[in-house]
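Q: I'd like a close look at one part of this model, starting with a single pair of residues in a sheet and working outwards from there. Please spell out the residues as you go.

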Amino acid sequence: MTPPTLSPMDSTLATRLAGIVGERRVLVRAGELRSYDSDGLPGYHATPSLAVFPGTRDETIAVVRLLAELGVPFVPRGAGTGLSGGALADGVVLLGLHRLTRIIAIDADDARAVVEPGVVNATLTRAAAPFGLHYAPDPSSQTACTIGGNVAENAGGPHCLKYGVTLNHVLAVTALLPSGEVVTFGNADGESEGYDLLGAFIGSEGCFGVALDVTVRLARDPQAVRTLLADFHSVDAAAHAVSAIIASGIVPAAMEMMDAATIQAVEASIYAAGYPTDAAAILLIELDGASAGIDDDAARVAAFCRAAGARGVRTATDPAERARLWQGRKKAFGAMGRISSHLVVQDAVVPRTKLPAVLAEISRIGERYGVKVCNVFHAGDGNLHPNIGYDATSADESERVHGAMSAIMQACIDAGGTITGEHGVGLDKLPYMDALFSPATLSAMCALRDVFDPERRANPGKVVPIHSCREWHGAPAARAGRAS
């Protein structure tokens, strides 16, 4: 379908935006915009009407106020590493924030930092390292993803098992509402009165506005770290080991599972980590904290793994080996990219006790639809990431893949789970919202959105199905479809 014609979306708008950010920072040609027609989930494509890239706080405010003046919809975008199609702008303005990269302040005494939204996650940790601090949320894309995007998606990562997700580490946000108003949610001391507007803004997927700066809590580096790799003869055995460890009262910093298909993809790539390629599953378990007692906890964890059927358990002997083990896990999605042209990456959460049953059902679904499912996920908190590589040029294969993914999502819902743990709803999860939420709940979500963006110009058509909210008629979700 031809993108809607928006009266302000013409050369006059581009000229006025260029007057704010400079001509080089406004893209209008199709070839220039092609780089922004997808995010980290390659099955969706949408082309912006134009893209604008402010480089300062004042430029960002001026751009959003101009769009508000003209009633123009826009989609905020950071690094584009998202996995839900949430940062796609279909015939509307794309507002790129990746040039806002200042680390405004690091307060070592109070263990906090103030950063602009374009600061890369791993860059913040590197800047905090000389003070014995780090930023705990660590998505697998942390070497590329930005803090603003992490706030928008309430990103997690392997270490969220112990340390929590982005929400648990953000003290305050200076936000630019779609109207152009600048407001502050929360405060640096972590205390606030009244409604939790900060909590509402975090995870709002760009539908409530833009973060101009974010005050985050930094974590003290632990005295000691132990990283264990356990390999199993079955996925079921690894899942039971997870339950046993958590039931014992030990809370690892991270506990990640990878199945045979994922292990083999990683070990055949440049990210090879030394995982045993004949294992049906591995658990990568990290413990951290005070030096006293950590070796005892590591020994107990190893014993639980062996009791569940682990063939072997080894501990990283130095930081280099630890980094190698983690590289294999965090680059697993990239390793799968060499196997197929397209990859569907799902994100659902189930109760830990249901992991064995749900993983078995995912295997059956893969067999039923004739697709190969690769599982790599945050086992400690039941956050599953089933992946299927496929050829999007094959209509039959695409249909089977998306049928399998729908069945997997329904299986997770039926197990008492939910449809996203950290990737967000975006476009990809819209079809599942009705299966999880009642009309009254969806209507309440729309009402909350109206508080921040009554005109629904920020990231239109995302997160809540259009039939639940009166939405801008050209909303991407009304027209978007997977690439075929």
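**From one residue pair outwards**

A: Let's begin with Arg-77, which stands opposite Gly-96 of strand β4. Please keep in mind that the model is a predicted one. Arg-77 closes strand β3, which spans residues 74–77, and β3 runs parallel to β4 (residues 93–96), the two being joined by four bridges. Stepping back, both strands belong to an open, four-stranded sheet with the order β1-β2-β4-β3 and mixed pairing. Its edges are β1 (26–27) and β3, each of which has a pairing partner on one side only.

A helix covers part of this sheet. Helix α1 packs on it and touches β1, β2 (50–52) and β4, with a direction about 15° from that of β2.

Helix α1 has a second partner, so to speak, in helix α3. Here α1 (residues 11–21) and α3 (residues 57–70) pack at an angle of about 160°, their axes 9 Å apart. The two helices are therefore roughly antiparallel, since an angle over 145 degrees counts as such. The crossing of α1 past α3 is right-handed. On the α1 side, the contact is made by Leu-13, Arg-16, Leu-17, Ile-20 and Val-21, and these meet Glu-59, Ala-62, Val-63, Leu-66, Leu-67, Glu-69 and Leu-70 of α3. Sorted by character, the contact residues come to nine nonpolar and three charged, with no polar ones.

Now for a helix pair further along the chain, which is handy to set beside that one. Helix α8 (residues 235–247) packs with helix α10 (residues 294–307) at about 145°, and their axes are 8 Å apart. As α8 passes α10, the crossing is right-handed. Ala-241, Ala-244 and Ile-245 of α8 meet Val-301, Phe-304 and Cys-305 of α10. This contact has six nonpolar residues, with no polar and no charged ones.

Between those two helices in the sequence, and around them, comes another set of paired strands. Strand β14 (residues 281–289) is a good anchor: eight of its nine residues are buried, so the strand is mostly covered under the cut-off of 20% relative accessible area. Strand β12 (residues 224–232) runs antiparallel to β14, with nine bridges between them. Strand β13 (residues 254–259) is also antiparallel to β14, here with six bridges. Glu-286 is the residue to click on: Thr-227 stands opposite Glu-286, and Glu-286 is likewise the bridge partner of Ala-254.

From β13 the pairing carries on to strand β18, in the antiparallel sense and over three bridges. One of the matched pairs is Glu-256 with His-378 of β18. β18 in turn is joined by three bridges to strand β20 (residues 386–390), again antiparallel, and Val-373 stands opposite Ile-388 in β20.

It is worth turning β18 around on your screen. In a regular strand, side chains alternate between the two faces of the sheet. On one side of β18 you will find Val-373, Asn-375 and Phe-377, on the other Cys-374, Val-376 and His-378, and all of these are buried, leaving both faces covered. Put as a count, six of the six residues of β18 (373–378) are buried.

Asn-375 has company as a buried asparagine. Asn-121, found in helix α4 (residues 121–128), is buried at 0% relative accessibility. Setting aside neighbours within four places in sequence, the contacts of Asn-121 are Tyr-135, Pro-137, Asp-138, Pro-139, Gln-142, Cys-145, Thr-146, Ile-147 and Asn-150.

Finally, two loop residues deserve a glance for their backbone. Most residues other than glycine have a negative phi. Asn-154 has a positive phi, near 50°. It lies in the loop between α5 (147–153) and α6 (160–163). With a relative accessible area of 19%, Asn-154 counts as buried, because the cut-off is under 20%. Val-463 also has a positive phi, near 75°, and its place is the loop between α16 (439–452) and α17 (476–479). Val-463 is buried too, with a relative accessible area of 16%.

Technical notes: Residues numbered from 1 in each chain as written. Predicted model: local features only at pLDDT ≥ 70, side-chain atom pairs only at ≥ 80, totals over all residues. Heavy atoms only, no water. Axes fitted to C-alpha atoms, helices over the stretch in contact; angles between N-to-C directions. Parallel < 35°, antiparallel > 145°, perpendicular 65-115°, else oblique. Left-handed = near helix turned anticlockwise from the far one by under 90°. Contact = heavy atoms within 4.5 Å. Nonpolar A, V, L, I, M, F, W, Y, C, P; charged D, E, K, R; others polar. Pairing = 2+ DSSP bridges. Buried < 20%, exposed > 50% of the residue type's maximum accessible area, 1.4 Å probe, protein only.
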